[in-house]
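Here is a short briefing to read alongside the model. It starts with one charged residue and its partners, then moves on to the rings and the surface.

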Amino acid sequence: MRPDEIDYVAFALLLLRWFAIIFVIYIIFIFLLRFSNYYKIKKCPNCSGELKRAQRTAGDRLLKTLTFGILPVKRYRCYTCYWEGQAFEIKDRKRSSAFKDETEEDL
């Protein structure tokens with residue numbers, strides 16, 4: 001096949017279509033990861049100590065850029081065993097008083 005016989009527009013559209021398919025699959029994967037419990041931790045994985053927020057690194061900023069800010073990944077540090085790592089943002093969910101009363105009555 002000679003270079004003048006190649007349809008460059010069709011080739012570019014084919015590449016664009018594959019890029020769009022891969023991009024959609026990537027976004028779906030990011031959303032599935034966000035709603036999973038994979039990165040959600042509340043205690044230190046080594047010693048079960050309390051976690052505190054730590055300063056972000058360049059890798060954390062790159063991760064936020066690559067995931068378009070969809071994943072709320074934060075850096076945490078344990079000051080008991082000096083573990084440091086990433087996890088989804090830890091939010092303590094407060095139970096309603098009605099739920100507390102029901103559990104206390106069961107005891």
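In this predicted model, R75 has a relative accessibility of 12%, and because buried means under 20%, R75 counts as buried. R75 forms salt bridges with D60 and with E84, so a good place to begin is the set of charged side chains around R75, given that a salt bridge here needs nitrogen and oxygen within 4 Å. After that come the fold, the aromatic rings and a nonpolar patch on the surface.

**The charged network around R75**

- The salt bridge from R75 to D60 has its closest N and O atoms 2.7 Å apart.
- This pair links distant parts of the chain, with R75 in strand 2 (residues 73–78) and D60 in helix 2, 15 residues apart.
- How accessible is D60? Its relative accessibility is 9%, so D60 counts as buried.
- Both partners of this bridge, R75 and D60, are therefore on the buried side of the 20% cut-off.
- The side chains of D60 and R75 also count as making a polar contact, at 2.7 Å.
- R75 has a salt bridge with E84 as well, and there the closest N and O atoms are 3.4 Å apart.
- E84 is partly exposed, with a relative accessible area of 32%.
- Which arginine besides R75 meets E84 in a salt bridge? The side chain of R77 does, at 2.6 Å from N to O.
- R77 is partly exposed too, because its relative accessibility is 26%.
- Salt bridges that share partners join D60, R75, R77 and E84 into one network.
- The protein's count of salt bridges comes to four.

**The fold around it**

- The protein has three helices and three strands.
- Read from the N terminus, the elements follow the order α-β-α-β-β-α.
- Of the 107 residues of the protein, 17% count as buried, and R75 and D60 are both buried.

**Aromatic rings**

- How many aromatic pairs does the model have? The count comes to four.
- One of them joins F19 and F23, whose ring centres are 6.2 Å apart with planes at 20°; planes under 30 degrees apart count as stacked, so this pair is stacked.
- F19 and F23 both sit in helix 1, four residues apart, which is about one turn of the helix.
- Is F19 buried or exposed? F19 is exposed, because its relative accessible area is 56%.
- F23 has a relative accessibility of 35%, so F23 counts as partly exposed.
- The rings of F31 and F35 are stacked as well, because their planes are at 15°, with their centres 6.4 Å apart.
- F31 and F35 likewise lie in helix 1 and are four residues apart, about one turn of the helix.
- In this second pair, F31 is partly exposed at a relative accessible area of 37%, while F35 is exposed at 61% relative accessibility.
- One aromatic cluster is formed by F19, F23, Y26 and F68.
- Another ring to look at is that of Y76: R53 lies over its face, at 5.9 Å from the ring centre.

**The nonpolar patch on the surface**

- V9, L13, L16, F19, F23, V24, Y26, I28, L32, L62, L66 and F68 form a nonpolar patch on the surface.
- Together these residues have about 1,200 Å² of accessible area.
- Which helices each supply at least two residues of the patch? Helix 1 (8–35) and helix 2 (58–66) do.
- Helix 1 gives the most to the patch, with nine residues.
- L32 is a patch residue that lies in helix 1.
- L32 counts as exposed, because its relative accessibility is 58%.
- The patch and the aromatic cluster share residues: F19, F23, Y26 and F68 appear in both.
- Helix 2, which supplies residues to the patch, is also where D60 is placed, and D60 takes part in the salt bridge with R75.

How values were computed: Residues are numbered from 1 along each chain as its sequence is written. This is a predicted model: local features need pLDDT of at least 70, side-chain atom pairs count only at pLDDT 80 or more; totals for chains, interfaces and linings use all residues. Side-chain values use heavy atoms; hydrogens and water are left out. Patches are made of residues with over 30% relative accessible area and no salt bridge: like charges are joined within 9 Å, nonpolar side chains (Val, Leu, Ile, Met, Phe, Trp, Tyr) within 5 Å. Accessible areas come from the Shrake-Rupley method with a 1.4 Å probe; for residues, only the protein chains shown count as cover. Buried means under 20% relative accessible area, exposed over 50%, partly exposed in between (1.4 Å probe, protein chains only). Rings of Phe, Tyr and Trp (its six-membered ring) pair if their centres lie within 6.5 Å; planes under 30 degrees apart count as stacked, over 60 as edge-to-face and the rest as tilted. A charge sits over a ring if NZ of Lys or CZ of Arg is within 6 Å of the ring centre and within 35 degrees of the ring normal. A polar contact is a pair of N or O atoms within 3.5 Å; within protein, one must be able to donate a hydrogen and the other to accept it, and residues adjacent in sequence count only if both atoms are side-chain atoms.
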